[in-house]
Amino acid sequence: MNSFVEDLAETILNSPHGMRDIAVVLPGKRSATFLKRAIGNKTETATWLPELLTLPDLIGRMVGKNRGDRLDLVFELYETHCKLSGKNESLESFLAWGPTVLSDFNEIDHHLLEARVVFKNLRDYKEIDQWSFGEDELSSTQEKFLGFWETLLPLYNAFHASMKLKNSYYGGALAKKAAHDAVEKFDALGIRHVYVAGLNALTPAEERILRKLEEVGKATVIWDADNYYVHNKVLEAGHFIRKYGTLGNGQSLPSKVKDIERHITITGCSSSITQAQQMAAILDGISEQEAMETAIVLPDNGLLSAVLPAIPEKFSALNVTMGLSVNDSPLRSLIFQFFRLFDTRTNPRYQPFLGLIRHPLFRNRDRQMEKAVERIEDVVVGQNMVFIDSRLLLEKIQTFGNVSLTALFEALFEATKNRTTAKIFEALECLLEAIEPDDTGEQKDEILYQSWILLRSNIQRLERLTHQYPVFSEPRELERILFKLLSQAQVDLLGEPLIGLQVMGLLESRALDFKRVIIFSCNEGIIPKSNFAESMLPADLRYGFGLPSRHEREAIFAYYFYRLLHRSQDVHLLYVAGDSDYKSGEKSRYLQQIESCALLPKYKTTVSSNSVVSKSPGPAIPIPEFTNIDWIVQRTILMLEKGLYPSAIQKWSACKADFFYRYLLGLREQDELEESMEDNTLGTIVHFVLEEGLKEQQGKQLTVETIDQLEQRMEALIDEGLSKHYNPKLMDSGENYLKRSIVRKYLEKILQRERRELSSSNTVVLQKLEYPFKHTISVEVGDKKVDVQMGGKADRVDDFNGVPRIIDYKSGRVKADDLEIKYDSWEKDLLRPDHAKALQMLLYMYLAQRDMKTPVMGGIVSAKSHSAGFIPLKNANYNSVLHVDQVLGDRVEDWVKKLVVEMLDSNQQVAHKHSAKYCEYCT
């Protein structure tokens, strides 16, 4: 069975006109490629090909005028509007209505309407709409509103004069010119005859051109349509060809939809991804030869990235006529973060800045760049730069010796400060140079590289427009236009244009036929689309002037859909069922026409329906257990020799897998900037004030006067602590102002406790602040001897009534039972997560006892539990304060040795402990 282009090739080859004297108008480049092959297959000798055009190409050549780029026309309309109105309306404001007006101008010309009549009716319509019963005159606001509608006709006329001056027109203006004296204009081209094939919806101007040419025998119009839906008024797919009547071959169409045996399978899928999985299942059942006559049609371009990976690898030939949008590449998020730097008129905030430098395209450039960016990040986070200090950062960056990085950030900071278009484009250019993908080597990402080239060319195009039309006043206007350009920019995917499996959009399928067709996204809202172009003209006026309405636009989609059934024999129609996030979640009306109305089944077509649901995900894949291999044992030994601290023992006892990730693999959470001071920073400030305030009292007996002196210095010490450990510029207002007050209150309560303790006839001699303890334990592990370096740091060491006391300050809440252990069973108790504070304190006391060679006591002073005062570690058996002496110290040391032996046991299973609630990495 011949396809449409094969039939067309025979018609052309049998034409009485020579191939060099004719032209063929087709819907697009894809159908032109297939026509070339069809002509070549039907000729045995070399022959000239006819000139292949689209209808806009033919019209442009007939009038000898240039078809302008839409973005250029929008800018030209904006400039014309500003000159005409005498107002400098912002581009952002104009973009809210300007493109819509341009579309209306285009439609008015395409429909050969008198603009004067249209806009007069529009003005009258709006006046009636604004009129209020019982009021003789309109208010000033109403008059101002109507004034806008009165400007449209002058704007239309002025814009046409501007287009004539620049010889750059929109399509409707060209078609209107060509419709007058169409035959004379066509004769001037030197083409004797034109075949117009595969089109569907024509505007009145285009229809007039083709009718005039057909009347004088200079054009042959061939519809790619079927008698089944053209002569069945119930089906909207034939609306336009019925409307054109005698134009072309509309009265003698084939009936292939009725006569060809085919099977249609309608499949409801649970998600858009399930559609791709269903397609893969269909393709698994066909051979590579059968794939040559198979088309995958995607009305929703966004599915391309999901469809391509799902195509079975057995198909060696693949052609994708659609492109991947630049908006689907990581470049879009990079540019988005760039423009977020301009959201504030002061220095950029840290979120967009960190978002920019943390972007994968920055990090993956090269190791030198990655290290430099990490150092910049450390400065921003370390100094809590909520608003980026560009001067300080540039000083740091200049020390890195990276010229390109220095140039980039100089351009970035200059652009955010200056905010002119020239500086913004300069910064964008530096940014693109900094992240330019590698286009060589095995790791080359061709799609990313081509996306980068497209992005750069569009930025350069926009820069050209800003020189031609200096209209941008805000960065967000640049951003809006740039993203509009990127939404239309697509990376062409190379493939075999004439062989193999074909993947195409709905528009690209025109005039092409395949035995097997898989159509995705057959949902209402996609086929047909629900979001049609906006218009300034109300629906009543559009209907009165014969302008296309929703019905005409839906008829176009109906034609696209039914045309794919012409010569197909195996049709798969996929839709997403019941997904509220996917348009309406309702199958397309065209599917319901096929299913419910039984229009096709009474002929040679059979229809079946089914549904496919994605398999529910199974249980989470458990992280497998593993034993202490030699590498793990060696890493553990290195850690033990470097230092074993209470926090590591807590992690080991809580969960061995989490210990492995944290201490052996070195995983850690990314440092984050604190816009609002966190509790741990609040505790750090409290520690700093107490340490600095009592530093000079080390080795001396504390008195009430000592505490009074510290309280007098407290405000200055808080400020000093904020300067060292936070950003004092963030403390003047809001939540941080309140948290500064909380720091002061905590300190006041702690000092009150100190006063009470000193005024109760207690003798307190301050020995050390931030005192580091170290002690080496030799552990026999098999035939090896491992020297374990135990370590810890006490916030404060003093003598309390002659007894050495270890004090640990906590900013969080601490209860007395958090520091209670049973003397006869503490080895087991300490391994419980709720005894973490007791374990830490016991180990601190053990280290202090080994260092001081005397029994010690220890406890916690909590800022939030200040009323409890000093909370000592207690023996729960007797409710008495626990002292670590030589005996208990030996017992603790033996316990640590057992833990070390376990850590280094080659048969030790490393697995997540299910009772652990606070694992950072293994759950």
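**Close-up 1. D658 in helix α33 of the predicted model is a buried residue.** The helix here, α33, covers residues 656-664, and D658 is part of it. Relative accessibility for D658 is 1%. Buried means under 20%, so D658 counts as buried. Which residues touch D658, apart from neighbours within four places in sequence? They are K651, Y918, C919, E920, Y921 and C922.

**Close-up 2. F409 sits in helix α24.** This helix runs over residues 403-418. Is F409 buried or exposed? F409 is buried, and its relative accessible area is 0%. Look for its contacts beyond four places in sequence: F353, I357, I376, L394 and I397. Now find S390, which lies 19 residues from F409 along the chain. The C-alpha atoms of F409 and S390 are 8.6 Å apart.

**Close-up 3. Helix α34 is largely enclosed by the rest of the structure.** Helix α34 spans residues 679-694. How far apart should the ends of its 16 residues be, at 1.5 Å a residue? The expected span is 22 Å. The end C-alpha atoms are 23 Å apart, which agrees. Of the 16 residues in α34, 12 are buried, so the helix is largely enclosed. Among the buried residues are T681, L682, G683, I685, V686 and H687. F688, V689, L690, E692, G693 and L694 are buried too.

**Close-up 4. Helices and strands help to cover the buried residues of α34.** The cover includes two helices, α35 (704-725) and α36 (734-758). It also includes the strands β17 (764-781), β18 (784-800) and β19 (803-810).

**Overview. The whole protein chain puts these views in context.** The chain has 39 helices and 25 strands. Its radius of gyration is 39 Å, well over the 29 Å that the globule rule gives for 923 residues, so the chain is more spread out than a compact globule. The C-alpha atoms fill a box of roughly 120 × 70 × 60 Å along the principal axes. How much of the chain is buried? Of the 923 residues, 50% count as buried. Take the contacts between residues at least 6 apart in sequence: 77% of them join residues at least 24 apart. The accessible surface comes to about 43500 Å², and 49% of that belongs to carbon and sulfur atoms. Side chains include 113 positive and 129 negative ones. The centres of these two sets lie 1 Å apart.

Terms used
Residues are numbered from 1 along each chain as its sequence is written. This is a predicted model: local features need pLDDT of at least 70, side-chain atom pairs count only at pLDDT 80 or more; totals for chains, interfaces and linings use all residues. Side-chain values use heavy atoms; hydrogens and water are left out. Helices (H or I, at least four residues) and strands (E, at least two) are DSSP runs, numbered from the N terminus. The radius of gyration is taken over C-alpha atoms; the globule rule is 2.2 Å times the number of residues to the power 0.38. Buried means under 20% relative accessible area, exposed over 50%, partly exposed in between (1.4 Å probe, protein chains only). Contact means heavy atoms within 4.5 Å. Accessible areas come from the Shrake-Rupley method with a 1.4 Å probe; for residues, only the protein chains shown count as cover. Lys and Arg count as positive and Asp and Glu as negative; His and the chain ends are not counted. The place of a charge is taken as NZ of Lys, CZ of Arg, CG of Asp or CD of Glu. The expected span of a helix is 1.5 Å times one less than its number of residues.
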